[in-house]
Amino acid sequence: MNIQSKTVTEILVLLVVVLSGTTILTLSVATTNLTIPVIISGAALVVAMIAAVSIMGPSVTGAPWVPTSRKLVTKVLEMAKLKPNELLYDLGSGDGRIVITAARDFGVRTVGIEIDPFRALYSRLKISQLHLKDKARIVRGSFYKIDLRNADVVILYLEQQTNNRLRSKLERELTKPDCRVVSVIFEFEGWQVINQDAEELIHVYKLPSDTKTV
Ligand SMILES: C[S@@+](CC[C@H](N)C(=O)[O-])C[C@H]1O[C@@H](n2cnc3c(N)ncnc32)[C@H](O)[C@@H]1O
């Protein structure tokens, strides 16, 4: 299934959920003596459950949504030393700010991988609105399952245990010459560091490493 049809599917699923909810509520009101406060509480519970899944799910699978500040986005991308036509991945792309800025201001091709369907949908709409569809796209899914072998640059702002879990995948798949991994805050111990901002905690690594590490 391509990205466009995935987006359409997600919009349809959302519509079905909203329409079913509305229908159930209307039928409940028509057939029972539900009071307004009970209906409002029910609706609030449904909204809270959707929000909880959206917030808690990614924390379990990799990292919660904490966006990189706008100022740091530019800094991270400058430190990656992007070249024209390179392909950049953002693992856990959130609202798409890194893939959008990289495609719009640095002219590279970008892919964001995001597990949260709402943020994936939001960033796809933003990419569409900014006419960046030929340069930037969002894959809705888990970064553990996406093949990264065509990446030149991989950006991560996740958690230390998620970096540790991704380590062997990145070592196995990032084999193009001059691949860079930029990790915000969290590190990859033992990898070759080629650029670093000790204050903002941005680490740029080269893979495959020029030197063998033990
Ligand atoms: C700390 S936020 C970083 C967002 C964005 N990269 C930025 O810098 O603004 C981490 C993101 O990773 C997403 N995430 C967590 N686990 C994931 C997984 N297994 N696959 C894809 N995305 C995931 C979360 O939903 C969240 O949006």
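Visitor: What makes up the shell around the ligand, by class?
Guide: In this predicted model, the shell has 13 nonpolar, eight polar and three charged residues. Gly counts as polar in that tally.

Visitor: Which of the residues around the ligand come nearest, and what makes a residue count as near?
Guide: A heavy atom within 4 Å of the ligand is what it takes. Of the 24 residues around the ligand, Thr-61, Thr-68, Asp-90, Gly-92 and Glu-114 come nearest.

Visitor: Why is the pair between Thr-68 and the ligand called a polar contact?
Guide: The cut-off for a pair of N or O atoms is 3.5 Å. A polar side-chain atom of Thr-68 lies 2.5 Å from an oxygen atom of the ligand, so this pair qualifies.

Visitor: How do you know that Gly-62 and Gly-92 make polar contacts with the ligand too?
Guide: Here backbone N or O atoms take part. The one of Gly-92 lies 2.7 Å from a nitrogen atom of the ligand, and the one of Gly-62 lies 3.4 Å from a nitrogen atom of the ligand. Both values are within 3.5 Å, so both pairs count.

Visitor: How much of the ligand does the protein bury?
Guide: The protein buries 100% of the 600 Å² that the ligand exposes when taken alone. The ligand takes up the space of the largest cavity.

Visitor: Which elements give two or more residues to the shell?
Guide: They are helix 2 (36-61), helix 4 (97-106) and strand 2 (109-114).

Visitor: How do you know that strand 6 and strand 7 pair?
Guide: Pairing needs at least two bridges. Five bridges join strand 6 (residues 192-197) to strand 7 (residues 202-207), so these antiparallel strands pair. Asp-197, for one, has Ile-202 as its bridge partner. Four residues lie between the strands of this hairpin, where Leu-201 takes a positive phi near 60°.

Visitor: What makes Lys-81 and the bond before Pro-208 worth a look?
Guide: Most residues other than glycine have a negative phi, and most peptide bonds are trans. Lys-81, in the loop between helix 3 (70-79) and strand 1 (87-91), is not a glycine, yet its phi is positive, about 50°. Leu-207 and Pro-208 are joined by a cis peptide bond with omega about -10°, and Pro-208 lies in the segment after strand 7.

Notes: Residues are numbered from 1 along each chain as its sequence is written. This is a predicted model: local features need pLDDT of at least 70, side-chain atom pairs count only at pLDDT 80 or more; totals for chains, interfaces and linings use all residues. Side-chain values use heavy atoms; hydrogens and water are left out. A polar contact is a pair of N or O atoms within 3.5 Å; within protein, one must be able to donate a hydrogen and the other to accept it, and residues adjacent in sequence count only if both atoms are side-chain atoms. Accessible areas come from the Shrake-Rupley method with a 1.4 Å probe; for residues, only the protein chains shown count as cover. On a 1 Å grid over the protein atoms alone, a cavity is a set of points where a 1.4 Å probe fits but cannot get out, and a pocket is an open set with protein on both sides within 12 Å along at least five of seven lines; lining residues have an atom within 4 Å of a point. A molecule sits in a cavity or pocket if more than half of its atoms lie within 2 Å of its grid points.
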